[in-house]
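Colleague: I would like to learn how to read a few features of a model, beginning with burial and ending with the backbone. Could you take me through them one at a time?

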Amino acid sequence: MNNIEDSGTVNGGEENWENSPNGVLSQPEFTSATALSTAANYIMNAAEPFTHTYRTYIRLRENGKLTLKFWHSNAVDSTWDLGADAVASEPGGEWSIEAAYVADGGAAPDGSVVPGSRVPVTFGGELSRHVKPGEQFWSDEALLELPEDHMLAFTWTLKTAGAGKSFPFNVEGMLASGYDVPGILAAQESAAGFSESDKLQVLPSFLGYKKQVAKRLVFLGDSITQGVRTAKDQYEHWAARIAEGLGTQFGVWNIGSGWGRAYDVATDGPWLHKAQQGDELLIVLGVNDLDIGQRSADELLLDLAHIISRIKEAQPEAAVILSTVPPFNFAGEQENHWRKVNECIRTSPPAGVDRVFDIAAVLSVAAPADHRIKPEYMSDEFDPHPNGAAGKAVAAAFLAWYGESATGRP
């Protein structure tokens with residue numbers, strides 16, 4: 001049993017979301033500590049059992065004396081590619097947390113943590129925790145003082161129970177620096193043995209800190225919301241820029257997930273439950289539905305309508321902002337479906353939509369080629385993922401539309 005007082009950790013108790021209808025909101029004193037998305041779109045699948053340590057550097061929305069708390073969902077949020085490797089709502093396997101720490105990661109992530117700064121993360125007072133398939137749970141509170149302009153380093157050692165599928169993670173391009181190493185090295189302060197991670201973001205589902213906020217916003221979307229293709233550690237994607245513009249009196253939980261699509265959320269699984277945790281929800285989905293999902297406009301609109309109805313059932317007072325589908329250089333029949341969906345969203349959105357934000361109007365070239373993203377906003381000449389300049393433009397447009405006082409009035 002860990003000595004809570006000596007460790008700098010306070011026992012906040014353990015809670016399984018399945019037994020709590022309000023999930024994350026059952027602990028309303030905690031809000032998301034970062035604009036980085038930690039949604040899962042893949043699952044670890046190894047030929048043999050293994051033990052491995054993962055260290056990730058995260059820019060928090062506030063520094064100083066922090067009371068941190070983490071919640072985790074052992075399930076995949078969104079389908080990867082065509083679903084051969086990971087599919088939405090797939091439960092994770094059986095594994096264990098051997099040790100976990102938060103620490104001062106310094107101003108420049110290099111694989112190490114500031115000596116003497118690490119604080120154990122415990123679970124019901126224990127330093128380790130066995131995780132069951134599909135389980136959802138909270139950590140205890142962890143107290144950490146993080147200097148201004150320094151990053152949080154979250155480090156944990158995970159041990160799989162056997163061969164095959166185990167813990168979910170995010171495999172898209174890294175937006176936050178991460179390092180990993182075989183073995184139980186979560187307590188190690190130096191970078192010795194650690195290698196820089198490649199497309200391997202392994203983090204709890206919710207990184208929270210104790211903070212009373214005026215409103216909790218949840219951003220639900222795909223890689224465009226996640227910020228894929230924008231610069232590592234720079235937080236220049238639009239979700240992060242909006243969070244910065246709103247200020248810390250507003251909580252922002254980014255649950256954007258690469259390859260995500262509306263029909264993933266419409267499976268009524270863990271990703272939808274996350275989306276149900278806000279006072280206000282911004283939905284930016286549809287690109288992957290029309291692209292790899294090969295959905296028609298009518299199918300996409302039905303899925304969006306289902307998501308919105310389920311949000312309102314869970315949180316009747318929650319406000320729903322539905323965005324138009326961003327331009328993604330569609331052509332042919334996909335372009336036709338894209339146009340039909342956006343026309344419907346602009347003129348007659350699904351029931352339950354409180355307001356519509358037109359992200360396509362910000363990113364698109366002038367009509368009649370408005371199905372194409374402005375070249376200066378593309379990640380490169382071939383990739384229509386929005387870059388950092390696009391993130392700045394979208395955030396500026398959203399904040400102006402949302403209202404300078406951030407009251408939620410157009």
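Colleague: Is Ile311 buried or exposed?

Modeller: This is a predicted model, and in it the relative accessible area of Ile311 is 1%, so the residue is buried, the cut-off being under 20%. Ile311 belongs to helix H7, which spans residues 297-314.

Colleague: Which residues is Ile311 in contact with, leaving aside its neighbours within four places in sequence?

Modeller: Its partners, with those neighbours left aside, are Leu272, Ala275, Gln276, Leu281 and Val320.

Colleague: How should I read a nonpolar core, and which residues have the most contacts inside the largest one?

Modeller: The general idea is that nonpolar side chains tend to be buried together in soluble globular proteins. Here the largest nonpolar core has 106 residues, and those with the most contacts inside it are Val102, Leu220, Trp238, Ile283 and Ile307. Helix H7 gives the most to this core, contributing seven residues. A second core, separate from it, has eight residues, including Val113, Met151, Ala153 and Phe194. To see the surroundings of one residue, take Ile283, which touches Leu220, Leu304, Ile307, Ile308, Val320, Ile321, Leu322 and Ser323 when residues up to four places away in sequence are not counted.

Colleague: Turning to helix packing, at what angle do the axes of H3 and H10 cross?

Modeller: The axes of H3 (residues 238-246) and H10 (residues 388-402) cross at roughly 40° and come within 8 Å. That angle makes H3 oblique to H10, and the crossing is right-handed. On the H3 side the contact is made by Trp238, Arg241, Ile242, Gly245 and Leu246, while H10 supplies Gly388, Gly391, Lys392, Val394, Ala395, Phe398, Leu399 and Tyr402. Sorted by character, the residues of this contact comprise eight nonpolar, three polar and two charged.

Colleague: Which residues does the cis peptide bond join?

Modeller: The cis bond joins Ala367 and Pro368, with omega at about 10°, and Pro368 sits in the loop between helix H9 (359-363) and H10.

Colleague: What is the phi of Ser89, and what is that of Arg229?

Modeller: Ser89 has a positive phi of about 75° although it is not a glycine, and its place is in the loop between strand E5 (64-73) and strand E6 (95-104). Arg229, also not a glycine, has a positive phi of about 85° and is found in the loop between helix H2 (223-226) and H3. Ser89 counts as partly exposed at 24% relative accessibility, and Arg229 likewise counts as partly exposed, at 42%.

Notes
Residues numbered from 1 in each chain as written. Predicted model: local features only at pLDDT ≥ 70, side-chain atom pairs only at ≥ 80, totals over all residues. Heavy atoms only, no water. Axes fitted to C-alpha atoms, helices over the stretch in contact; angles between N-to-C directions. Helix = DSSP H or I, 4+ residues; strand = E, 2+ residues; numbered from the N terminus. Parallel < 35°, antiparallel > 145°, perpendicular 65-115°, else oblique. Left-handed = near helix turned anticlockwise from the far one by under 90°. Contact = heavy atoms within 4.5 Å. Nonpolar A, V, L, I, M, F, W, Y, C, P; charged D, E, K, R; others polar. Buried < 20%, exposed > 50% of the residue type's maximum accessible area, 1.4 Å probe, protein only. Core = buried A, V, L, I, M, F, W, Y, C linked by side-chain atoms within 4.5 Å.
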